[in-house]
Amino acid sequence: MRIASAAAGSLEDLMLAKIRTPVAAVLCCVGLGAGVAGCDGDAMENWDPFAASTPSTSAASSASSAPTAAAAAISGTEKITVAGRSVNVSCSGEPVEGGPVVVLMHGGGDGLDKMASLQKTLSGKHRVCSYDRLGAGKSDQPDGPQDLAASGRILTGVLDRVAGKAPVVLAGHSLGGLIAARYAPDHQDRVKGLVLLDATPPTMMNDIEKAIPKSAEGPAAELRAQNLAIFQGQNPEKLVIPDGPVRSAGDIPVEVVRHGKPYLEALPEYGPRLERAWAAGQRKWLALSGRSKLSTAAGSEHYIYVDEPGVAVQAVDRVTDQARSR
């Protein structure tokens, strides 16, 4: 969901407004994405932004075993089984010999349908897949709290089914970008490129605590407490998201694309600090690889692939081309 321009009214009005009002939305989008629990009253009821484009069907997979030759390539949207859980996946586009499979990773509170337009465009040149993480979209709910390792095991099962032994390029937005960046260092045998679209910074909890001090009052204090709770697991995915150092993902192409419109400044008093922290956080992701590149989507707020889809498409094209040529 996109962030609107600043609305008039009291701070209390802004705090109680729906997610379309930026002051209420700012930190939700900073950390994860606009649809996380507590950021929108409708989030838990209807937080899959668009209706599914194709019916769901059943297909079997397992996180503990590689796909067999008999496993048919997925076309459209299907439910697969990963580690005993139903995971909603979507694939389109034709495989390119020697080329990587592009896997799109949505932000927190979103689902694969949010990235459907981007997937459609990319599938004209690439084999592209996306999936709903546990607790997101049409996938099963997690049994309990998840850590990044648990989320990574689901991703591994998805990659086993949709990519097999082919290399992959992970393209993640917001929380999806953070998960991709945390996953890649431990899976250098298959992750051959990364595109991070305004990815959640690696030290976001600390950044929030510094940008909005504990002494803050009013809406800023509420936003601080709300977002720290989100990172501690109070989100639809029940995912605990700790701060941590950036580890090397190997000598792979990495494009980090940050927003150019300073929408975080909508938060009175503390907004400029958040913008500076966000910019610094994007630079931290450059440590993933000696081939990392940082760019700015000048006309975009948080949802770069919505505001400037061409920027996102070009970044994926460049990384995929570089990954193929290795």
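## Exercises on helix α4 and two positive-phi residues

**Exercise 1.** Check the length of helix α4 (residues 148–162) against its expected span.

Solution. Helices are DSSP runs of H or I with at least four residues, and strands are E runs of at least two, numbered from the N terminus. The expected span is 1.5 Å times one less than the number of residues. For the 15 residues of α4 that gives 21 Å. The end C-alpha atoms lie 21 Å apart, so the two agree.

This is a predicted model: local features need pLDDT of at least 70, side-chain atom pairs count only at pLDDT 80 or more, and totals for chains, interfaces and linings use all residues. Numbering starts from 1 along each chain as its sequence is written, and side-chain values use heavy atoms, without hydrogens and water.

**Exercise 2.** Describe the surroundings and ends of α4.

Solution. Take burial, meaning under 20% relative accessible area (exposed is over 50%, partly exposed in between; 1.4 Å probe, protein chains only). In α4, 13 of the 15 residues are buried, so the helix is largely enclosed by the rest of the structure. Now the start: a side-chain oxygen of Asp 147 comes within 3.2 Å of the backbone nitrogen of Ala 149. Just after the helix, Gly 164 has a positive phi of about 60 degrees.

**Exercise 3.** Locate Ala 83 and Lys 238, and state the exposure of each.

Solution. Ala 83 is not a glycine, yet its phi is positive, about 55 degrees. It sits in the loop between β2 (76–82) and β3 (85–92). Its relative accessible area is 54%, so Ala 83 is exposed. Lys 238, also not a glycine, has a positive phi of about 55 degrees. Its loop runs between α7 (218–231) and β8 (254–259). At 34% relative accessibility, Lys 238 is partly exposed.

Technical notes. Polar contact = N/O pair within 3.5 Å; in protein donor to acceptor, adjacent residues only side chain to side chain.
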